[in-house]
Amino acid sequence: MANLPAPEIPEGHYSRLCPGDWAAHPEDKLRELAFLMRDSKAKRAARKRTLAMPSGYVYLGQFIDHDLTRDNRSLAEAGPDAERTVNHRTPRLDLDHLFGRNADDFPELYENDGRLRLGLTSESTLEGGRRLPSTLDDLSRNGDGSARIIDPRNDENLIVAQIHVLLAKFYNRFVSLLPRMPELSVGPEGATFAAQARRLVTWHYQWLIWHDFLPRFVRADVLGSVFTGGLRLFPRTYDPSDYPMAIPIEFTGAAYRFGHSMIQTEYGLNLEIGGIPATELIAMTQRGGKIGPGSPALPASHVIDWDFFFEGSDAQLNRGQNISTFIPEILYGLPPEAAESFRRQNALRGAVPIDPSQHPSICLPEVTLLRGSRMRLPSGEELARYFGEEPLSHDLVPATPGDKFFFEDPAFKGRTPLWYYFLREAAVQEVTLPESVAEPELPIQKLGSLGSRVVADVFYQILAADRHSILHAGRGWRPPAFVFGKSRRLRPIDSMAALVEFARAG
């Protein structure tokens with residue numbers, strides 16, 4: 001059975017929040033800036049540490065990105081014509097990359113009872129000889145290790161692949177429960193249990209994005225103002241007549257790329273194997289090389305325990321690095337196999353495997369900066385002034401004293417590349433309210449005011465333009481309370497930790 005390609009029927013285009021004939025930056029200088037942004041052990045030791053969100057949310061953000069947007073242009077094809085560039089994902093929070101736009105079009109994804117098909121892990125032997133049995137905790141795969149999924153980007157690293165599995169299990173639990181608990185159904189009337197489960201999962205997903213995911217990195221005053229004070233960056237609030245929404249390139253090319261700076265150098269996966277280097281996340285995929293014809297499944301030892309990523313003890317919970325202009329070393333030398341995955345993410349047409357000898361490793365920060373310039377994104381200062389905000393002062397733009405000379409260049413003085421600007425804004429505009437009373441000395445680290453505004457407004461408009469969303473078909477819906485997991489009390493699935501517990505019980 002062949003790997004499923006991403007659907008190639010576009011439903012919309014991209015757009016600009018900030019129209020204008022914005023000048024490009026010199027590409028040789030952008031390459032230099034990418035080098036200046038490279039993090040190191042010494043830089044990490046020298047800077048102040050604040051409290052960033054649990055790492056599970058960093059990779060959930062990547063999974064959500066794969067749900068919303070897919071630009072089929074290579075870097076060489078990138079240009080300023082946003083309005084004519086098609087989006088090959090549905091611009092809705094509808095999990096079409098999990099379910100398929102129409103389930104009937106992809107029977108390979110489903111079991112006969114409507115549950116999503118999962119794959120068996122391979123049995124593992126731990127140090128000391130203890131064996132871990134095979135379990136249904138992998139993506140469904142072919143004999144060559146390739147995943148049977150809609151969008152191959154969901155198998156570009158281990159954590160995103162496991163989030164895909166987690167959401168599939170979440171859905172499968174509802175398929176099993178609805179015949180016994182019809183009160184959970186949210187319709188549509190006369191729909192199969194599978195269709196009812198899909199809507200229930202999608203509405204939970206949307207609700208968790210707004211109430212659990214976005215508050216982790218969007219400033220509370222900005223997020224709340226979307227409902228009380230209206231949208232700041234759009235002339236009006238969208239409605240379903242505006243579908244398909246044209247997602248702004250200031251969001252896709254800059255503001256929503258904050259997660260690149262939050263990658264850790266290593267992660268604890270579970271109690272069995274402890275910590276692994278971040279490079280292992282890429283290796284544990286078919287393109288990463290450790291899943292293939294000789295080992296066509298994820299080893300059982302590498303199944304993620306989500307307590308390490310969403311809600312665990314301080315000793316075991318992985319937290320992201322701070323949002324900043326310091327980009328982890330792993331993104332500066334993606335190996336050829338991972339480079340192929342990234343090129344597919346940036347959607348080079350065709351699915352012919354690359355020849356590693358002809359395609360050396362890539363520097364992701366360099367690609368991001370070059371792409372933004374070729375798309376003619378406004379600078380951070382230009383975007384701020386366009387919307388009547390005071391830009392960051394020039395002396396706050398350099399991340400280190402040694403970077404000051406760079407931003408004195410006439411091409412960059414007062415014209416900071418937008419991606420860099422959003423990262424730097426987050427670093428200098430600390431949110432000082434504690435995440436909990438137990439840790440009052442550590443401020444929450446979030447996006448800055450302008451970055452928060454771009455993300456909040458765009459996510460709201462995505463929901464507003466979707467007639468099936470919780471703002472329209474699900475208006476007034478809240479996650480229902482029922483008994484699940486270890487607790488014997490009624491409670492809703494109102495966080496990713498609760499979703500994990502619910503899915504785990506299936």
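This report walks through a predicted model of one protein, from the overall picture down to a few helices, strands and single residues.

## The big picture

Let's start with the whole chain. The protein has 506 residues, and buried ones make up 60% of them. Its secondary structure comes to 15 helices and 11 strands.

What about the outside? About 20,600 Å² of the protein is exposed, and carbon and sulfur atoms supply 53% of that area. As for contacts, take those with a separation of 6 or more: 75% of them link residues that sit 24 or more positions apart in the sequence.

## A three-stranded sheet

One spot to look at is an open sheet built from three strands, in the order β2-β1-β7. Its pairing is mixed, and you can see how by taking the two pairs in turn. Strand β1, which covers residues 12-15, runs antiparallel to β2, and two bridges join them. Between β1 and β7 there are also two bridges, but here the pairing is parallel.

A couple of residues help you find your way. Gly12 has Asn87 in β2 as its bridge partner, while Ser15 stands opposite Pro248 in β7. Which strands stand at the edges of the sheet? They are β2 (86-87) and β7 (247-248); each has a single partner strand, so one side of each has no neighbour in the sheet.

## Helix α15 and what covers it

Now jump to helix α15, residues 496-504, which is mostly covered. Of its nine residues, seven are buried. Those seven are Met496, Ala497, Ala498, Leu499, Val500, Phe502 and Ala503.

What covers the buried residues of α15? The cover includes three helices, α3 (55-68), α5 (158-177) and α6 (193-213), along with the strands β10 (481-482) and β11 (491-492).

## How α6 meets α5 and α3

Helix α6 makes a good landmark here, since both α5 and α3 cross it. Begin with α5: its axis and that of α6 come within 9 Å and cross at roughly 130°. That angle makes α5 oblique to α6, because it falls outside the ranges for roughly parallel, antiparallel and perpendicular. The crossing is right-handed. On the α5 side, the contact is made by Leu167, Phe170, Tyr171, Phe174 and Val175. On the α6 side, the residues are Ala194, Ala197, Arg198, Leu200, Val201 and His204. A helix detail is handy when you look at lists like these: an α-helix has 3.6 residues a turn, so residues three or four places apart point the same way.

For α3 and α6, the axes come within 13 Å and cross at roughly 135°. So α3 is oblique to α6 as well, but the crossing of α3 and α6 is left-handed. From α3, the contact uses Tyr57, Leu60, Gly61, Phe63, Ile64 and Asp67. From α6, it uses Tyr205, Ile209, Asp212 and Phe213.

## Another helix pair: α7 and α14

Elsewhere, helix α7 (residues 220-228) crosses helix α14 (residues 449-464) at roughly 40°, with their axes coming within 9 Å. Are the two helices parallel or oblique to each other? At that angle they are oblique, and their crossing is right-handed.

If you want to pick out the residues that meet, look in α7 for Val222, Leu223, Ser225, Val226 and Phe227. Across from them in α14 are Ser449, Ser452, Arg453, Ala456, Asp457 and Tyr460.

## Two glutamates, two settings

Finally, here are two glutamates to compare. Is Glu280 buried or exposed? Glu280 is part of helix α9, which spans residues 279-283. Its relative accessible area is 13%, and it is buried because the cut-off for that is under 20%. Setting aside neighbours within four places in sequence, Glu280 is in contact with Lys290 and His302.

Glu183, by contrast, sits in the loop between α5 and α6. Its relative accessibility is 57%, so Glu183 counts as exposed. How far is Glu183 from Pro480 in sequence and in space? The two are 297 residues apart along the chain, yet their C-alpha atoms are 9.4 Å apart.

Terms used
Residues numbered from 1 in each chain as written. Predicted model: local features only at pLDDT ≥ 70, side-chain atom pairs only at ≥ 80, totals over all residues. Heavy atoms only, no water. Pairing = 2+ DSSP bridges. Helix = DSSP H or I, 4+ residues; strand = E, 2+ residues; numbered from the N terminus. Buried < 20%, exposed > 50% of the residue type's maximum accessible area, 1.4 Å probe, protein only. Contact = heavy atoms within 4.5 Å. Areas by Shrake-Rupley, 256 points an atom, 1.4 Å probe, with all protein chains shown as cover. Axes fitted to C-alpha atoms, helices over the stretch in contact; angles between N-to-C directions. Parallel < 35°, antiparallel > 145°, perpendicular 65-115°, else oblique. Left-handed = near helix turned anticlockwise from the far one by under 90°.
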